[in-house]
Amino acid sequence: MTTLKLTGGAAATTKGDALLIGMHNGYPGSATALTLTPGAAKVDKAAFKGKLLATLKSLGATGKEGEVIKLASLGATSAPLIAVASAGRLTGPEQLRRAIGAGIRALAGSKNVVVELNAVKDEPFFRAAFEGALLGAYQFTAYKKAAADAPTTITFVVDDPKSKVAAAALKRAVAVAEGVSLVRDLVNTSPAHLHPQELADAARAVAAQGKLDVEVLDEKALKRGGYGGILGVGQGSTHPPRLIRLAYTHPKAKKTVVLVGKGITFDSGGISIKPAAGMEWMKSDMGGAAAVIATLQVVAALKPAVNVIGYAPTAENMPSGSAIRPSDVLVTYAGKTVEVLNTDAEGRLILVDGIARGLEDKPDVLIDVATLTGAQLVALGSRTAGVMGNDDALRTGICTAAERAGEQVWPMPLPVELRPSLDSSVADIANIGDRYGGMLTAGLFLKDWVPDDIRWAHIDIAGPAFNQGEAWSYTPKGGTGFAVRTFVQLIEDVAAGEV
Ligand code: BES
Ligand code: MN
Ligand code: ZN
């Protein structure tokens, strides 16, 4: 990963291959107008006699989010190349995170990048700047070299390079970015190279590095334990399923958070097979599991005073002579029976085994995260996750944590009137219900496994886990690493007694 450094002094005279400065479109409440950040204005004064703003305008700058203008400094600054990244309306830290991410992405090919960060004082802005830089520098190079390499070092010019606030934000940002990058790598890896067993190996590596407890149930152990949901989904594949458990405990913990992530390493739909068009997207169907594993990695590094236990039920959903069929009945870990009416509604089948097992850890908070439904994309689009649950304060707490972390998560209901659509004539419940509100019926299915006195939430990340479009701000094409930042924030909020 790219190394981050802090330095004092003037950005204009700091040595590097490129200098990144900022512009924006005005502050909330002010008129929309192209504006240099205070630090960029300093660079302008020192190196360009105040002509930079007019130059940018003549180059077509408007200040809208995502805009990056590059210009040669022709010796006026120590760095030969200047990039001016735009934050749009400066409404908060996320705008800074996005601008720096876009700027760093545009500077691929420059080895040492200097980022002007004078006038930043508050922790959320430091954090956003450092995260934006690291996440924008991410590249997936397992199978092909990048067109232009990411910077090896990014040096931030700050008012006080000895600032404790900046140092703490930097440490946290590095841990978080490493976690997000791990998820991106796992999602981007070809499903031919990431079966349940390899996902379990990745979790073992995280456990070894972070001194976490790890337990992996293989297919024999799953059979002995009665994990009928995980086994049923996995039985069509030549690569057998697993249940991964990672545990972080803190001696002063007052609360236990259990996370459960959907780990379908490839979702073909099974016998209810998906159409060919877009099926490659389904390599991202383990994005929830990867987010849980990575969250435990970050937690191991940051050591908050709370217990965190992560489960990743993982299987490959394939059609074959041994695959589950529509009309098969599965006996899940909790003993509850499910009539499988569509083998493509597989995520919920493995999740309820993970949830039921997670209940044994007596969680104060239980959250599952899953690329669960196409209906999530219909309802909220590709960038906003939906959160449902049985506890309004927890649901709000997750939305608040997401907002602080810079992820888009929106509250959704679990309307009781949709529940009868999941009734089965032969089993306790069917795995599909009303198609309208499909994200909500999936949530209602999961809810059946959770006792009312357990605070539970479900986050559907079908869209946000994977970027099918072009790279934007700090989000590359492919795996995004969604949910790690929200989880880390939420865990800190639980530790602080705020949720
Ligand atoms: N993994 C998919 C959901 C998905 C769709 C994730 C698009 C990312 C992008 C899930 O297993 C699935 O197939 N869901 C079905 C459920 C249906 C059969 C009730 C769906 O949403 O169509
Ligand atoms: Mn499916
Ligand atoms: Zn799926």
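**Notes on two pockets and a pair of metal ions**

1. Sorted by class, the residues lining the largest pocket are 13 nonpolar, ten polar and nine charged. Keep in mind as you look around that this is a predicted model. The pocket in question has a volume of about 780 Å³, and its lining is made up of 32 residues. If you want to find its centre, look for Lys 274, Asp 344, Thr 373, Gly 374 and Ala 375, which lie nearest to it.

2. Which helices build that lining? H10, helix H11 (374–380) and helix H13 (438–447) each put in at least two residues. H11 gives the largest share, with four residues.

3. Asp 344, one of the residues nearest the centre of the largest pocket, also turns up as a donor to the manganese ion (ligand 2), through both O and OD. The other protein donors of this ion are Asp 267 (OD) and Glu 346 (OE), and the distances run from 2.1 to 2.2 Å. Along the chain, the donors are spaced as D-x76-D-x1-E. There are six donor atoms in the site, with angles of 71 to 169° among them, and the geometry comes out as irregular.

4. Now for the second metal. The zinc ion (ligand 3) takes its protein donors from Lys 262 (NZ), Asp 267 (OD), Asp 285 (OD) and Glu 346 (OE), at 2.0 to 2.4 Å. Their spacing along the chain reads K-x4-D-x17-D-x60-E. Is this site octahedral or irregular? It is octahedral, because the six donor atoms around the zinc ion (ligand 3) subtend angles of 77 to 172°.

5. How far apart are the manganese ion (ligand 2) and the zinc ion (ligand 3)? They sit 3.2 Å from each other, and Asp 267 coordinates both. Asp 267 belongs to strand E11 (residues 263–267), while Glu 346 is in the loop between strand E14 (337–339) and helix H10 (347–359), so this pair ties together parts that are 79 residues apart in sequence.

6. Are these metal-binding residues buried or exposed? Asp 267 is buried, at 2% relative accessibility, and Glu 346 is buried too, at 1%. Lys 262 joins Asp 267 on the buried list.

7. The second largest pocket holds about 620 Å³ of space. It is lined by 23 residues, and Tyr 138, Gln 139, Phe 140, Pro 476 and Lys 477 are the closest to its centre. Helix H3 (93–106) and helix H4 (123–137) each contribute at least two residues to the lining. By class, this lining has 13 nonpolar, four polar and six charged residues.

8. Where does the second largest pocket lie? Domain 1 (3–162) and domain 2 (177–495) both give residues to its lining, so the pocket is between them.

9. Finally, a couple of backbone oddities to check. Most residues other than glycine have a negative phi. Lys 49 is not a glycine, yet its phi is positive, at about 50°. Lys 49 sits in the loop between helix H1 (38–48) and helix H2 (52–58), and is exposed, with a relative accessible area of 72%.

10. Ser 473 also has a positive phi without being a glycine, in this case about 35°. Look for Ser 473 in the loop between strand E20 (466–467) and strand E21 (478–479). With a relative accessible area of 6%, Ser 473 is buried, whereas Lys 49 is exposed.

Definitions and conventions
Residues numbered from 1 in each chain as written. Chains lettered and ligands numbered in written order. Predicted model: local features only at pLDDT ≥ 70, side-chain atom pairs only at ≥ 80, totals over all residues. Heavy atoms only, no water. Donors = N, O, S within 2.8 Å, 3.2 Å for Na, K, Ca; no water. Tetrahedral: all angles 85-135°; square planar, octahedral: opposite > 155°, others 65-115°. Buried < 20%, exposed > 50% of the residue type's maximum accessible area, 1.4 Å probe, protein only. 1 Å grid on protein atoms, 1.4 Å probe; cavity = no way out; pocket = protein on both sides within 12 Å on 5 of 7 lines; lining within 4 Å. Points joined across faces, edges and corners; volume = space filled by probe spheres on them. Nonpolar A, V, L, I, M, F, W, Y, C, P; charged D, E, K, R; others polar. Domains from an automatic or database assignment.
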